[in-house]
Amino acid sequence: MLRKTLIIGAGGVGNVVAFKCAMNIKSFGEITLASRTISKCDKIAYNIEQKLGIKIKTASVNADLVDELIKLFKRVKPDIVINVALPYQDLTIMDACIESGVNYLDTANYEHPDIAKFEYKEQWARDDAFKKAGIIGLLGSGFDPGVTNLFCAYAQKHYFDEIETIDILDCNDGDHGYPFATNFNPEINLREVSANGRYWENGKWIETKPMEIMQVWDYPEIGERDSYLLYHEEMESLVKHIKGLKRIRFFMTFSQNYLTHMRCLENVGMLGIDEIEYNGCKIIPIQFLKTLLPDPASLGERTKGKTNIGIYATGIKDGVKKSIYIYQVSDHEKCYSEVMSQAVSYTTGVPAMIGAKLILDKIWQGRGVFNIEEFDPDPFMEELNRQGLPWKIKEMD
Ligand code: NDP
């Protein structure tokens with residue numbers, strides 16, 4: 001029977017997922033791209049047909065509404081839903097999948113629109129319902145979370161008897177030429193970056209002020225960059241799944257220019273998530289700011305430079321201390337020439353496609369809700385090399 005795939009969300013990441021699924025049409029079969037604004041889906045479908053000669057279907061949906069999603073699922077009859085809308089829609093899409101018996105995949109964990117906090121609790125709570133429905137819910141199949149989790153699982157499987165520390169290192173050295181813009185959804189990005197930092201050590205979470213800890217890391221093919229400690233969602237599942245772990249931290253690079261703009265916006269209240277009244281209208285400052293900033297999907301054709309995301313792990317093998325660095329370097333212009341999106345969307349969309357492919361091809365099987373590192377990393381790591389995200393390992397004794 002012909003497989004059917006439904007992608008929800010027609011932003012920068014949705015564009016890459018749609019392109020890459022079309023490039024792997026044998027696994028994905030009939031592809032439908034649905035989003036709130038159907039014209040964005042149609043534009044992506046047009047580009048795919050022009051570039052690849054493959055037709056995909058489009059639909060409009062408000063993914064905040066479970067009933068509307070169920071109606072769409074009845075019509076499309078997907079084998080899997082790839083959720084690359086916003087983290088606010090995770091629970092409604094998961095609930096519609098449970099109701100309709102459809103496999104589910106996302107790249108970012110649930111966030112309540114009114115609370116700047118993200119955690120897996122409510123998604124993990126749906127594990128029994130996914131089991132009863134006989135479906136898989138794959139959480140966090142982007143780059144970070146996603147590939148970084150699998151780098152850790154791969155290190156654990158092949159390089160260590162016990163991993164002691166992990167530092168996840170995320171460097172985007174791209175330049176889009178604008179004074180200020182975010183590389184993915186501005187609201188999600190700025191909420192994440194302006195929040196308190198947090199890392200895990202000896203069984204406890206330690207909270208830091210935003211950007212309080214800075215360390216210079218040397219990124220292969222890029223160079224030394226200031227990197228700031230942030231809380232990032234993959235740490236919540238990795239502390240459960242990597243045995244013997246004593247410490248895990250996450251660092252991301254920011255230029256002084258980005259940080260100055262962000263502090264300034266924060267100081268004048270533009271990052272606020274509470275409603276304010278302006279000239280008789282109710283607005284949420286960070287959502288208003290989003291309308292002023294460049295659309296991340298439009299950055300692709302002007303972004304130059306590279307990204308380097310990886311993990312630096314230390315631990316013990318055969319009684320000897322060792323450390324390894326597993327990383328992936330992408331080039332913004334090369335990504336754009338392939339799928340018309342810059343590297344941040346590319347490095348998220350390709351792993352989303354790969355996770356879905358491994359489920360549809362029945363290489364990853366199971367019932368319930370899983371974080372990606374619970375699956376065998378090997379087939380995923382092989383696909384990364386085949387699908388445009390080749391990775392490297394440096395071993396240091
Ligand atoms: P964009 O804002 O570019 O795109 C989001 C899309 O979702 C838009 O097309 C938007 O529609 C659509 N959407 C929003 N709300 C709804 C709704 N209620 N119903 C239907 N569609 C809706 O975001 P990105 O493409 O940059 O990011 C997509 C996801 O990827 C996010 O969840 C983000 O957190 C995640 N991400 C994960 C990363 C990882 O490595 N794991 C890295 C980067 C991003 P409209 O156009 O009408 O607004």
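In this predicted model, the shell of residues around the ligand divides into 13 nonpolar, eleven polar and four charged residues. Of the 28 residues around the ligand, those that come nearest are Arg36, Thr37, Lys40, Ala63 and Asn185. Backbone atoms of the protein also take part in polar contacts with the ligand, and three of these are set out below.

| Residue (backbone atom) | Ligand atom | Distance |
|---|---|---|
| Ala10 | oxygen | 3.2 Å |
| Ala63 | nitrogen | 2.8 Å |
| Asp144 | oxygen | 3.0 Å |

On its own the ligand has 920 Å² of accessible area, and the protein covers 93% of this.

A second part of the picture is helix α15, which spans residues 377-386 and is largely enclosed by the rest of the structure, because seven of its ten residues are buried. These buried residues are Pro377, Asp378, Pro379, Phe380, Met381, Glu383 and Leu384, and they pack against α8 (147-158), α14 (343-360) and β18 (391-396). At the N-terminal end of α15, Asp376 acts as a cap, with a side-chain oxygen 3.1 Å from the backbone nitrogen of Asp378, while just after the helix Gly388 takes a positive phi of about 110 degrees.

The nonpolar interior can be described next. The largest nonpolar core holds 89 residues, and within it Ile82 and Ile166 touch the most other members. Helix α14 gives the most to this core, with ten residues. Leaving aside residues up to four places away in sequence, Ile166 touches Cys152, Ile242, Leu245, Arg247, Ile248, Arg249, Ile311, Tyr312 and Ala313. Another core, of 23 residues, lies apart from the largest one, and among its members are Ala96, Ile135, Leu139 and Val369.

Finally, one residue can be followed in detail. Asn308 has its place in strand β15, which covers residues 306-317, and Asn308 counts as buried because its relative accessibility is 0%, where buried means under 20%. Among the residues that Asn308 touches, not counting those up to four places away in sequence, are Leu169, Asp170, Cys171, Tyr219, Pro220 and Tyr325. With Pro220 there is also a polar contact, since a polar atom of the Asn308 side chain lies 3.0 Å from the backbone oxygen of Pro220. Asn47, by contrast, is 261 residues apart from Asn308 along the chain, and the C-alpha atoms of these two residues are separated by 28 Å.

Terms used:
Residues are numbered from 1 along each chain as its sequence is written. This is a predicted model: local features need pLDDT of at least 70, side-chain atom pairs count only at pLDDT 80 or more; totals for chains, interfaces and linings use all residues. Side-chain values use heavy atoms; hydrogens and water are left out. A residue is near a molecule or strand if one of its heavy atoms lies within 4 Å of it. A polar contact is a pair of N or O atoms within 3.5 Å; within protein, one must be able to donate a hydrogen and the other to accept it, and residues adjacent in sequence count only if both atoms are side-chain atoms. Accessible areas come from the Shrake-Rupley method with a 1.4 Å probe; for residues, only the protein chains shown count as cover. Ala, Val, Leu, Ile, Met, Phe, Trp, Tyr, Cys and Pro count as nonpolar, Asp, Glu, Lys and Arg as charged, and the others, Gly among them, as polar. Buried means under 20% relative accessible area, exposed over 50%, partly exposed in between (1.4 Å probe, protein chains only). Helices (H or I, at least four residues) and strands (E, at least two) are DSSP runs, numbered from the N terminus. Contact means heavy atoms within 4.5 Å. A nonpolar core is a set of buried Ala, Val, Leu, Ile, Met, Phe, Trp, Tyr and Cys residues joined through side-chain atoms within 4.5 Å.
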